[in-house]
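Work through the following exercises with the sequence and the model open side by side. Each task is followed by a solution in steps.

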Amino acid sequence: MRIRRLFLSALMPLAASTQIITTADSIQWNDTSWQIETIGLDQGRYQSRMSLANGYLGINLAALGPFFEADTPDVMQDNYNGWPLFNPRQTFATIAGFYDVDDRDGATNYPWLGQYGGDSFLSGIPHWAGLIVNVNGAILNASTDGREIDKFSTRLDMKSGILHWQFDWHPDHDTLINVEYKMFVHKLYVNQAAIELRLESNRDVNVTVYDVIDGTSAVRAEFVDKGYEEESRTIWSAVRPHNVTDVIAYVVSTLRWDRYFGKLNTQFEVNDQIFSSMNLASVGQSVHVELERNRNVFFRKYVGIASSDAFEDPKKTAMEASNLGAQAGFPELQFSHTAEWQSIMTHDSVDRYNYPNDTLPEDPHIRELQITSVTNPFMILQNTIGPNALAAAGYNPRLNIHSIPVCGLGSDCYGGLIFWDAETWMGLGLQLSHPQHIDNVVNYRVEMYPQAKENIKTAFASSKNQTGRFTGGCVFPWTSGRIGNCTASGPCFDYEYHVNGDIAIAFRNQYIVTGDAKQFKETFLPIANDIAYFYSELVDYNETSGYYELLNATDPDEYANNVDHVGFTSALIQRTLNETNELNRLFGLPQNETWNRISAQMRLPVHEEAGIVMEYASMNGSIVVKQADVVLIDDILNYENPYSLVDLDYYANKQSSDGPGMTYATFSIVANEISPSGCSSYTYHHLSSQPYIRAPWFQYSEQTVDSFILNGGTHPGFPFLTGMGGANRIGIFGYLGFRMFVDKLDIDPSLPPQIPHLNYRTFYWQGYGINATSNATHTTLVRLPERILDTANPAYASSIPVTLGTRPGSYTLKSDEELIVPNRMLGQTLTAAGNILQCRPVIANRFSRTLPGQFPIAAIDGASSTKWQPENPTRMSYMTVDTQATTFGPIAHILFDWGAQPPVYFEVLVSNHSIPTTETGFAVDALDDVHYVSQALVKVSEPWDPERATVIEPVKGNQTNVSLLGKDRVWSGRFVHLGISGNLGGGNRSAGGTVAEWSVILAEDGEDGEGGGDAEEGEDDDDDDASEGSSGGQYGEEDAKEKKLLAQLWQRIRQNVL
């Protein structure tokens, strides 16, 4: 299966004045207008489809236009969604909260729990966006043969939330019709959407345009009725969720066109073949038009949708929305829709990697971060309802209570269920910048709270079935839909209890960012108290150890189910008990001494010899981790953990390559918080996004590899908003070091050397908007008087206390003064003293492809927990580091930590140019500037020992240290090159060897060798070359011949050996 990833090496500028970036897939990003445009047509593949939503409505659109589309079947079965539905992938449309009940069709975690009630999955509604064209029997729809399409382009505008398509269609040999579609789901008026079709023909031709409501996407829904209103040219269809008799949804479409071109036919003249399947909920109407040569004709459909979940008379609401849209017209609707998006996606609402003069660095890695700093929040914010939209709907209390499904409202991945993903991953980053838009996340849990109290009574179906054990509190299920009850796919007991603490954290965070004390005390704090109460009765007292422990539970790492004394959830319970008491005290409520006692008698499972927190008490060294678990303790809990650094190193090396990307977002945040040196946070940042991004829309997949056969047997969720939310956290929680405290603004900024400047999104603390900007050495904070919420805490109106993590001292951010604080110089601190490579730029090599996420930058980031790994073990793979040096010296040592899979052979070379490589090595005509420093076959220093596979011990990679003495020394050059081949690892050798860390150390003064010298200046050959001059040292003619002969000899040796 083809996976259209975006290649960093191709993220280059087209025009600096307009800040346009293009990729290898012919995808362009306009950094001024925030538009993505592609000319690649890729039909029948879910990765190529875009979804539009407004927080109430959501719809997925075909690659070719606003049509229904099903994935093209393939032998790998990659055209199926994953757990729990395993249904075919196709375009999906729905309404927020439109869940069925008592659904028995999905897979489950604990089948026997099904006897107590079925699941609740998100039902679909008919696909409502289609405007299909017929020219003499040739049909323009999602499955139109791509050979009939020419000059295709499609564009997504993230400042206006509008999706465009434009192309030439050749329905027959003589006819060419220029086609343009434009559509949006109205961000302000949540019941409305609009689609515009423009046709222009090269000759006079008869055309029929069909306004289609396609029932095929109404999955897990039951047909109710449909109709046609001839007077208003309106069609409608009604469905209800499976097994829900008191809820109904209406989808209404009103068609308008340039009337003088033709007349409208009734829906009964629409041939069933126009629809994607024979579905009772399908309905259509058509208009026959005589196109005149070179004359534009417009067709517009105005859609209204409502369900009785939020509206008492959904048919009336949907009809009015459709008819009012038609009366207003497309331009007026587009204007109000665009204005609302522009009030949400403001310039200061996203992280900006521009220089102060607004230009972008040339580094393709930075350019990708610039793009995703916009695309990630946009994709999530599509699935939220803002305060303006809520006001426009008359503050309807039933609108903003449905949270965010894992893949949003345009997909039924994971059955559209609500997980901890909404609070911990999608919501957490946006709470800071868009707190009022994340209300639906916390409101959903408030809505489910009465059922959560009832769920306590179902403990009899679990291992916690002791009579009288639970006397109160509340417990939320792992997954939930319409009801929030305990189900077979979403148990309340004996599974992922951490979801309850995650909810409590979200409540606390909403108070921290909004300052809304009334809402917190009256609405959120009672639920947090019930969660703490439940936790206090959930843990068991161990008579032997004298501590309270959590038994038979699953931590976030879902590869380890139903184990005892889990690490992260134990820390979460302890923190929840303590923090809930602290919040009670803050609001004048009594503290629960039992919670204090239990918390004081809790300990995490620790392996003292290895110095790590274990995931669970019976864990051994063979563990493979699905996703961030123990490391989350240092990310979101504000927990004192003396094992943090070793935990990060250990679990990074145990991470499954088939895991989701938000894991590495946590690793990035924690690395920037606790690492004493290096820039691994930057490596992890890219690992959290780049391997998961899919062309053309920068949407994330759940996995690095989408193929079911190759990725461990998983159909990835798509578009995976969880991963986008994780990456969206890194800037402000990682580089700014923001931590959530009620009574202080706590930051600990440290910017990696690769990022010269970062202007963080506007964020809120206690209701006050704040801007932060970092350069390499300092961070500037300033309050924004125009960004103050109505709920702001008046206690901080004039001054806000500021602390810098664990650093001593405190500061004050006043309302009328900027505050400048020093950064931690983490990236500038060398892990290996004298290393000239650490955190320097790496030049891409198109002949050395790597495994997904195993970037060359990982080999020089000062941390052995990240790795470079080429994908091919049988050929030489090279990476080149630009040391950016202007003075040079003799190389004294070369240090390698290979990790667990050392290569067979390595070579290190220096040059003063970024020398081009070929498939077999360096270009022959460039060898005069290349000097071999060292080359050798690798000896395994830490052979894999199956007898120690289960032993928990600190990670130690295979190491090679090369010391260069006397005449063997070579002087450094501006560029240093590493080539590797083969794989000596004890496990899978289907890929190249790994390089965990590579250091080149110059000789110190007085050490054997001579001092440094200046490079000679010369002219630039091209943009990638350094200035010409002497190579690292001064070589005579005989020395140069000797070096070249030696290089040729080694090439022959390695070819024979490999």
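**Exercise 1. Disulfides**

How many disulfides does a search of the whole structure find, and what is the hand of the one formed by Cys407 and Cys413?

Solution. The structure is a predicted model.
1. Searching the whole structure gives three disulfides.
2. One disulfide joins Cys407 and Cys413, whose sulfur atoms are 1.9 Å apart. This lies within the 2.5 Å cut-off for a pair of cysteine sulfur atoms.
3. The torsion about the S-S bond of Cys407 and Cys413 is about 85°, so this disulfide is right-handed.

**Exercise 2. A helix pair**

Describe how helices H7 and H9 cross, and list the residues that make the contact.

Solution.
1. Two packed helices are described by the angle between their axes and the distance between the axes.
2. Helix H7 spans residues 498-514 and helix H9 spans residues 567-586. Their axes come within 10 Å and cross at roughly 35°.
3. The crossing of H7 and H9 is left-handed.
4. H7 contributes His498, Gly501, Asp502, Ile505, Arg508 and Tyr511 to the contact. From H9 come Phe568, Thr569, Leu572, Thr576, Glu579, Leu583 and Leu586.
5. Sorted by class, the contact of H7 with H9 has six nonpolar, four polar and three charged residues.

**Exercise 3. An annotated span**

Which residues does the UniProt domain annotation cover, and what are the helix and strand contents of residues 396-617?

Solution.
1. The unreviewed UniProt entry annotates residues 396-617 as "domain: Glycoside hydrolase family 65 central catalytic".
2. In the model, residues 396-617 are 44% helix and 5% strand.
3. The end C-alpha atoms of this span lie 49 Å apart.

**Exercise 4. Two open sheets**

Give the strand order and the edge strands of the three-stranded sheet that contains S5 and of the five-stranded sheet that contains S35.

Solution.
1. The open sheet of three strands runs S5-S6-S7, with antiparallel pairing.
2. Its edge strands are S5 (50-53) and S7 (93-95), each pairing on one side only.
3. Neighbouring strands in this sheet are turned by 10° against each other on average, direction ignored.
4. S5 pairs with S6 (residues 57-61) in the antiparallel sense over four bridges. Ala53 has Gly58 in S6 as its bridge partner.
5. The open sheet of five strands has the order S35-S36-S44-S39-S42, again with antiparallel pairing.
6. Here the edges are S35 (842-843) and S42 (931-937), each pairing on one side only.
7. S35 and S36 (residues 877-882) pair in the antiparallel sense over two bridges. The bridge partner of Ile843 in S36 is Thr880.

Technical notes:
Residues numbered from 1 in each chain as written. Predicted model: local features only at pLDDT ≥ 70, side-chain atom pairs only at ≥ 80, totals over all residues. Heavy atoms only, no water. Axes fitted to C-alpha atoms, helices over the stretch in contact; angles between N-to-C directions. Left-handed = near helix turned anticlockwise from the far one by under 90°. Contact = heavy atoms within 4.5 Å. Nonpolar A, V, L, I, M, F, W, Y, C, P; charged D, E, K, R; others polar. UniProt positions renumbered as here; feature names shortened; annotations may be inferred. Pairing = 2+ DSSP bridges.
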